[in-house]
Amino acid sequence: MERAYEFYTAVLGGTEVFRHGDFQGDAVQNTLLADQEILANQLGVNPRTIGVPDLRDGAQRLDVRFIQFDNVVIELLQYRDADQPMGGSKAFAEPVEHMSPAFPRMMHICFYVRDDVDFNQFIADLEAESARRGMTQVRANRIIRVSTEDERKAAPQSANTNKVTVAPSDGWELIYCKGPEGEQLEFVKALGPVKKRFADALAAHLQLASAK
């Protein structure tokens with residue numbers, strides 16, 4: 001939790017709204033995990049064997065922190081064993097490593113980057129600041145083919161950004177990287193034609209909504 005909190009506040013610039021911890025009890029277990037317990041019953045196994053924590057009887061706890069980014073709030077959650085401190089490094093379950101974003105249910109967070117930001121430099125700065133803090137998983141992909149970490153590092157800064165030139169996505173710029181806990185992140189800019197398409201769609205939506 002502390003490492004993720006540091007990344008989303010100190011590195012990416014979010015602001016903490018509030019934090020709450022030590023969630024436990026029957027109502028919390030039922031609200032968050034009932035479907036997984038039903039699945040365990042159907043399989044005839046102990047829920048623990050498929051990674052379901054026990055908030056009901058207090059073996060585990062849930063802690064949350066809310067991080068504000070303009071009009072978006074990210075909620076950080078950590079399930080921990082009851083004997084572990086809030087925000088500590090040991091979670092109830094280890095994060096899934098080496099998970100491709102092509103897998104179903106592999107969620108990702110996408111950040112919009114302002115038009116006036118040098119995207120190539122932004123990625124370079126993101127990697128450098130994350131590395132300085134020991135967040136070794138924060139490594140952005142490149143648009144050129146690389147087969148080793150040394151080749152990725154040696155790629156020119158201009159290879160940081162994928163610039164889409166084909167309609168209807170022309171003007172879209174993006175990069176993929178992993179967050180400090182292995183979560184999939186995307187950073188995008190919307191310029192020129194694609195930015196106008198989004199603006200026109202929003203205007204049409206608002207006009208339709210006001211007419212109802």
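**Exercise 1.** How many bridges join S5 to strand S6, and in which direction do the two run?

*Solution.* The model is a predicted one, in which local features need pLDDT of at least 70 and side-chain atom pairs count only at pLDDT 80 or more, while totals for chains, interfaces and linings use all residues. Residues are numbered from 1 along each chain as its sequence is written, and side-chain values use heavy atoms, with hydrogens and water left out. Strands here are DSSP runs of E with at least two residues, and helices are runs of H or I with at least four, numbered from the N terminus; two strands pair if DSSP finds at least two bridges between them. S5 is joined to S6 (residues 172-178) by 2 bridges, and the strands run antiparallel. Across this pair, Lys163 stands opposite Glu173 in S6.

**Exercise 2.** Place the strands in their sheet, and then add the helix that packs on it.

*Solution.* The order S4-S7-S6-S5 describes an open sheet of 4 strands with mixed pairing. Because S4 (108-112) and S5 (162-163) each have a single partner strand, they stand at the edges, and one side of each is left without a neighbour in the sheet. Helix H3 (residues 119-132) packs on the sheet and touches both S6 and S7 (184-190), where touching means contact, that is, heavy atoms within 4.5 Å. The direction of H3 makes about 155 degrees with that of S7, with axes fitted to C-alpha atoms, for helices over the stretch in contact, and angles running from 0 to 180 degrees between N-to-C directions.

**Exercise 3.** Set these elements within the whole chain.

*Solution.* The protein chain has 5 helices and 7 strands, which follow the pattern α-β-α-β-β-β-α-α-β-β-β-α along the sequence.
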